[in-house]
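Visitor: Please take a close look at the principal pocket and the parts of the chain that surround it. I should like one connected account that I can follow on the display.

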Amino acid sequence: MAFMIGNGEHFSEIEKIDSERTSWNLKAKILRLWEVSDFSRPNSPFSLEMVLMDSEGGRIHATVKKTLIYKFKDDLSEGKVYSFENLGVSTNGGAYRTTQHRYKLNFQFGSVVQRITNHDVKGSPFHLVPISDVVSGSYDTDYLVDVIGVLTGVGTEREVTSQHGSTTKLNVIALEAQGHKIQCTLFGPYVDELNAFIAYGDYNNAVVIVQLAKAKTFQDKIHIQNCMNCTRLFFNPSCPESLGYFMSM
């Protein structure tokens with residue numbers, strides 16, 4: 001159910017969130033929403049993860065832990081705007097950070113979520129980083145990255161076996177932007193997405209956006225790869241970021 005909510009002063013901008021308070025209220029759009037599986041029970045969810053953006057363009061990560069998924073899952077939808085109340089705060093750390101914000105938010109049992117219709121959040125869902133910055137090593141790889149480039153190569157699909165004995169598909173694509181190239185390794189369902197796009201028709205010089213990828217170093221070269229469920233692929237997307245590439249073709 002959607003609500004109309006006034007511009008009360010008890011809602012904060014994302015950039016102002018810090019550890020001085022134990023809980024925060026905000027109005028924001030869910031840019032990305034995905035489920036993380038339990039490693040010991042692959043078919044069981046471990047958490048819900050999301051990236052939020054407010055009307056000022058601020059971004060912050062938020063998590064619904066396993067014990068609270070039942071309470072919030074049906075109330076959350078990617079691309080919609082919500083008011084969030086009584087969210088906890090903690091330090092944003094680790095090697096897979098989705099935003100540059102120093103903090104992240106955590107849903108609590110007493111958190112309240114309402115979808116709202118009178119609060120517009122515009123702005124690009126992407127935070128694009130030039131491929132040149134990624135391959136030069138100047139980008140902090142503790143943060144996931146969005147890149148855009150022209151598809152210049154597709155590898156040969158193969159299967160790889162994990163240390164637990166399971167197998168998954170793997171393929172590598174090459175992207176180029178402004179004379180700089182990077183390889184992107186795709187696993188599992190992301191290979192299926194690639195195959196579906198290739199089967200659809202001519203893929204030469206297609207524009208590709210890889211959202212929330214992990215940058216890694218292999219054999220002294222930096223490449224990117226998908227993070228399961230978190231990363232999203234866009235082939236020839238209809239968005240302002242890709243317009244320049246289409247016009248130059």
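**The largest pocket and its surroundings**

Guide: L212 is found in strand β12, which covers residues 207-218. The model under discussion is a predicted one. L212 is a convenient place to begin, as its backbone has a positive phi of about 60 degrees although the residue is not a glycine. With a relative accessibility of 5%, L212 counts as buried, because the limit for that class is under 20%.

From L212 we may turn to the pocket, since β12 is among the strands that each supply at least two residues of the lining of the largest pocket. The others are β2 (23-38), β3 (41-53), β4 (59-65), β9 (158-161) and β10 (167-177). The volume of this largest pocket is about 1300 Å³. Its lining comprises 36 residues, of which V36, S37, F39, C227 and M228 are the closest to the centre. The greatest contribution to the lining comes from β2, with four residues. By class, the lining of the largest pocket holds 12 nonpolar, 18 polar and six charged residues.

One of the contributing strands, β4, deserves a separate word. Five of the seven residues of β4 are buried, so this strand is largely enclosed by the rest of the structure. Strand β4 also pairs with β6 (residues 103-106), in the parallel sense and over two bridges. T63 has N106 of β6 as its bridge partner.

The cysteines bring us back to the pocket centre. A disulfide is a covalent bond between the sulfur atoms of two cysteines. The count of disulfides in this model is zero. C184 is in no disulfide, the nearest cysteine sulfur being that of C227, 10 Å away. C227, already named among the residues closest to the centre of the largest pocket, is likewise in no disulfide. For C227 the nearest cysteine sulfur is that of C230, at 5.4 Å, whereas a disulfide calls for sulfur atoms within 2.5 Å. Both C184 and C227 are buried: C184 has a relative accessible area of 0%, and C227 has one of 11%.

For orientation, the second largest pocket may be set beside the first. Its volume is about 380 Å³. The residues that line the second largest pocket number 16, and those closest to its centre are Q183, F218, K221, I222 and H223. Two or more residues of this lining come from each of β10, β11 (180-187) and β13 (221-225). Strand β10 therefore appears in both accounts, as it gives at least two residues to the lining of the largest pocket and two or more to that of the second largest. Strand β11 gives the most to the second lining, with five residues. By class, that lining has eight nonpolar, five polar and three charged residues.

A last backbone detail concerns N236. This residue lies in the loop between β14 (232-235) and α4 (240-247). Phi of N236 is near 50 degrees, a positive value in a residue other than glycine. N236 is partly exposed, with a relative accessible area of 31%, whereas L212, with its own positive phi, is buried at 5%.

Key:
Residues numbered from 1 in each chain as written. Predicted model: local features only at pLDDT ≥ 70, side-chain atom pairs only at ≥ 80, totals over all residues. Heavy atoms only, no water. Buried < 20%, exposed > 50% of the residue type's maximum accessible area, 1.4 Å probe, protein only. 1 Å grid on protein atoms, 1.4 Å probe; cavity = no way out; pocket = protein on both sides within 12 Å on 5 of 7 lines; lining within 4 Å. Points joined across faces, edges and corners; volume = space filled by probe spheres on them. Nonpolar A, V, L, I, M, F, W, Y, C, P; charged D, E, K, R; others polar. Pairing = 2+ DSSP bridges.
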